[in-house]
Amino acid sequence: MIYLVTGGSGFIGSHLVEQLLKNGHSVINIDNFDNFYDYRIKIKNTLESLGQSSDFDFSDKETDIKNLISISKSDNYTLYYQDIRDKNGLENIFREHKIDLAVHLAALAGVRPSIERPLEYEEVNIRGTMNLWELCKDFNIKKFVCASSSSVYGNNEKIPFAETDNVDNPISPYAATKKCGEILGHVYHQLYNIDMIQLRFFTVYGPRQRPDLAIHKFTRLIAENQQIPFYGDGSTARDYTYIDDIIDGITKSIRYLENNSRVYEIINLGESEVINLSEMLSTIEETLDKKASKKTMPMQPGDVQKTNADITKAKTLIGYKPDTHFQNGIKKFVEWFLRK
């Protein structure tokens, strides 16, 4: 099979690319190496996902990405340096390859930055996604997996969060763009028979996690003997989901789409293991065998109090079965962090 993966050099995307290649498939990776964080991290992600040495002679961004494209190209893998807002550029890629299924992971991420740059989030997460659906329609690509987010639930009072819950009250532009993606995806399913699964990811962590996310940031700052920003009283809680479990959920969603027709589903992918901020920090401290220096900060706008996934549908429909407990996941992450 030939799979298109957008954002295939990011955290989740690079792990998915790695798994698809291991399973004998071909992958077309579209990534724009956005300045949201250091592009060199994405280059290392890409090399790791291909089983290549992460030793790389860095110079400047354009040259480095050009070199990466050259050294990574193979019979079953092609990388494109491409922004999903550029429909003409995307169309050239769609013309070049016969794509069997698209997995759309590319997005502008982050709740807090979306409050500062809402229009850019709309351009990427809504218009960019619609560009992909338009091209799927034009090139008769009928299978599509799309990354949504647990952020669509906002401060949902019902615990755990189920796919049938009302999600009409997002509390950040990022969450709103993800809700829009679910609604518009249904339009393309209805009008153009594109079978689609929208996956609501719950706080994914593990090797290659973005450096701005709490687990990675806390680990780095503790290791460097720096103060960590600790928002609120430590009671905020997240349904942390290890990357291997997320990839299992994505690949099982792909398989479900390939074996079924007339599909439009929204599915939670979480761990159903809720850890509060204080417990998360103490787990990292124990794993590093090092105490953190905390700087207590007020809660940030757009942050939710708690996330907790009801994964009954994922278990029943696609056979999803997360099996990485938080303590083990942190241990694996810290091991990766210390050797990178």
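Which of the 70 residues in the largest nonpolar core touch the most other members? In this predicted model, the residues that do so are Ile12, Val103, Phe201, Ile215, Ile250, Leu269 and Met280. Among the secondary-structure elements, helix H9, which spans residues 243-259, gives the most to this core, contributing 7 residues. The surroundings of phenylalanine 201 can be described in further detail: when its neighbours within four places in sequence are left aside, phenylalanine 201 is in contact with Ile12, Leu105, Ala147, Ser148, Ser149, Ser150, Ile246, Ile250 and Leu269. Apart from the largest core lies another one, made up of 26 residues that include Ile84, Leu90, Tyr121 and Leu135. In soluble globular proteins, nonpolar side chains tend to be buried together.

Aromatic side chains were examined next. The count of aromatic pairs in the model comes to 17. In one of these pairs, the ring centres of phenylalanine 94 and phenylalanine 139 lie 5.9 Å apart and the ring planes meet at 45°, so the pair is classed as tilted, an angle of under 30 degrees being required for stacking and one of over 60 for an edge-to-face arrangement. This pair links distant parts of the chain, since phenylalanine 94 belongs to helix H4 (residues 87-96), whereas phenylalanine 139 is found in the loop between helix H6 (118-138) and strand S5 (143-149), with the two positions 45 residues apart. The two partners are assigned to separate classes of accessibility: phenylalanine 94, with a relative accessibility of 2%, counts as buried, while phenylalanine 139, at 27%, counts as partly exposed. Elsewhere, Trp133, Phe144, Tyr188 and Tyr192 form one aromatic cluster.

Aromatic rings are also approached by charged groups. The charged end of arginine 112 sits over the ring of tyrosine 231, at 4.4 Å from the ring centre, and the charged end of lysine 294 is placed over the ring of phenylalanine 230, at 4.3 Å from the centre of that ring.

With regard to cysteines, the structure holds 0 disulfides. For cysteine 136, the closest cysteine sulfur is that of cysteine 146, and because the two sulfur atoms are 10 Å apart, they are too far from each other for a bond, the cut-off for a disulfide being a separation within 2.5 Å. Cysteine 146 is accordingly in no disulfide, its nearest cysteine sulfur being that of cysteine 136. Cysteine 136 counts as buried at 1% relative accessibility, and cysteine 146 is likewise buried, with a relative accessible area of 4%.

Methods:
Residues numbered from 1 in each chain as written. Predicted model: local features only at pLDDT ≥ 70, side-chain atom pairs only at ≥ 80, totals over all residues. Heavy atoms only, no water. Phe/Tyr/Trp six-rings, centres within 6.5 Å; stacked < 30°, edge-to-face > 60°. Helix = DSSP H or I, 4+ residues; strand = E, 2+ residues; numbered from the N terminus. Buried < 20%, exposed > 50% of the residue type's maximum accessible area, 1.4 Å probe, protein only. Lys NZ or Arg CZ within 6 Å of the ring centre and 35° of its normal. Core = buried A, V, L, I, M, F, W, Y, C linked by side-chain atoms within 4.5 Å. Contact = heavy atoms within 4.5 Å.
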